[in-house]
Amino acid sequence: AAAPAPAAYAPPPPGPAYAPGTAPGYAYAAAPAAPRNRPPAFMPDPADVAANRGMAMISYMLLLIFLPLTQCKNSPYVRFHANRSLVTYVFCFGGGLLLFGIGALTVFVPTVGPILTLICGVLSWGMMMSVSVLCLIGMVQAWQGKARPLPILGGITFIKYMPARKE
């Protein structure tokens, strides 16, 4: 017996129109998360930014980090970027030093020591590269007049840059 001939393709009949995201089987978008406890936003004075953006950029150069602080003592914008660069350098230098120490201590452990030393060396190199990237981003933002805190380290302050609130 011969097989029946396949039926021609016919599109399914139109169903009811649904608003985007409300069709059966689709979940609604999640509500936005509550804001985390972030440090207060720093809004620099536009005149301060225009006058001191070059010094704010210089604060990201490791050997010249304190030069802008001596030249622009009263500029909150320069002090903000000097604090941000100092926090970046301290965190990454401390992390690199810790990884170097762990690598140096584990080098003599048989079998796994050289592997751990290699891993610590690669992670330490990554920390140093992250300093370069973060400082380059900071220089660009300083030139653009932006004052955004670092994502994870934004709440750490070594150099006071915001004036005290008057209530």
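A helix here is a DSSP run of type H or I of at least four residues, numbered from the N terminus. By this rule, Thr-111 belongs to the loop between α3 and α4.

**Figure 1. Overview of the predicted model.** The structure shown is a predicted model. The chain contains four helices and zero strands, and its elements follow one another from the N terminus as α-α-α-α. Of its 167 residues, 29% count as buried. The accessible surface amounts to about 12100 Å², and carbon and sulfur atoms contribute 72% of this area. Among contacts in the chain with a separation of 6 or more, 71% join residues 24 or more positions apart.

**Figure 2. Packing of helices α1 and α4.** Two packed helices are described by the angle between their axes and the distance between those axes. Helix α1, comprising residues 46-58, packs with α4 at an angle of about 175 degrees, and the two axes are 8 Å apart. The two helices are therefore roughly antiparallel to each other, since angles over 145 degrees count as such. On the α1 side, the contact is made by Arg-53, Ala-56 and Met-57, and on the α4 side by Met-139, Ala-142 and Trp-143.

**Figure 3. The loop between α3 and α4.** This view shows the segment that links α3 (76-106) to α4 (113-144), in which Val-109 is found. Val-109 is partly exposed, as its relative accessible area is 35%. Thr-111 is found in the loop between α3 and α4 as well. The phi angle of Thr-111 is near 70 degrees, a positive value in a residue other than glycine. With a relative accessible area of 69%, Thr-111 is exposed, because the class begins over 50%.

**Figure 4. A nonpolar patch on the surface.** Val-109 also takes part in a nonpolar surface patch of about 480 Å². The other residues that make this patch are Val-112, Ile-115, Leu-116, Ile-119 and Leu-123.

**Figure 5. Surroundings of Leu-99 in helix α3.** Leu-99 lies in helix α3 and counts as buried, because its relative accessibility is 16% and the limit for this class is under 20%. Leaving aside neighbours within four places in sequence, Leu-99 is in contact with Cys-120, Leu-123, Ser-124 and Met-127. One of these residues, Leu-123, belongs to the nonpolar surface patch of the preceding view. Thr-117 is 18 residues from Leu-99 along the chain, and the C-alpha atoms of the two are separated by 8.8 Å.

**Figure 6. Surroundings of Thr-88 in helix α3.** Helix α3 also holds Thr-88. Is Thr-88 buried or exposed? With a relative accessibility of 3%, Thr-88 counts as buried. Its contacts, apart from neighbours within four places in sequence, are with Val-131, Leu-134 and Leu-150.

**Figure 7. Cys-72 between α2 and α3.** Cys-72 lies in the loop between α2 (67-71) and α3. The relative accessibility of Cys-72 is 11%, and the residue therefore counts as buried. Not counting residues up to four places away in sequence, Cys-72 touches Asn-52, Met-55 and Val-78. Asn-52 and Cys-72 are 20 residues apart in sequence, and their C-alpha atoms are 7.7 Å apart in space.

How values were computed: Residues numbered from 1 in each chain as written. Predicted model: local features only at pLDDT ≥ 70, side-chain atom pairs only at ≥ 80, totals over all residues. Heavy atoms only, no water. Patch = residues over 30% accessible without salt bridge, like charges linked within 9 Å, V, L, I, M, F, W, Y side chains within 5 Å. Areas by Shrake-Rupley, 256 points an atom, 1.4 Å probe, with all protein chains shown as cover. Salt bridge = Lys/Arg side-chain N within 4 Å of Asp/Glu carboxyl O. Buried < 20%, exposed > 50% of the residue type's maximum accessible area, 1.4 Å probe, protein only. Axes fitted to C-alpha atoms, helices over the stretch in contact; angles between N-to-C directions. Parallel < 35°, antiparallel > 145°, perpendicular 65-115°, else oblique. Contact = heavy atoms within 4.5 Å.
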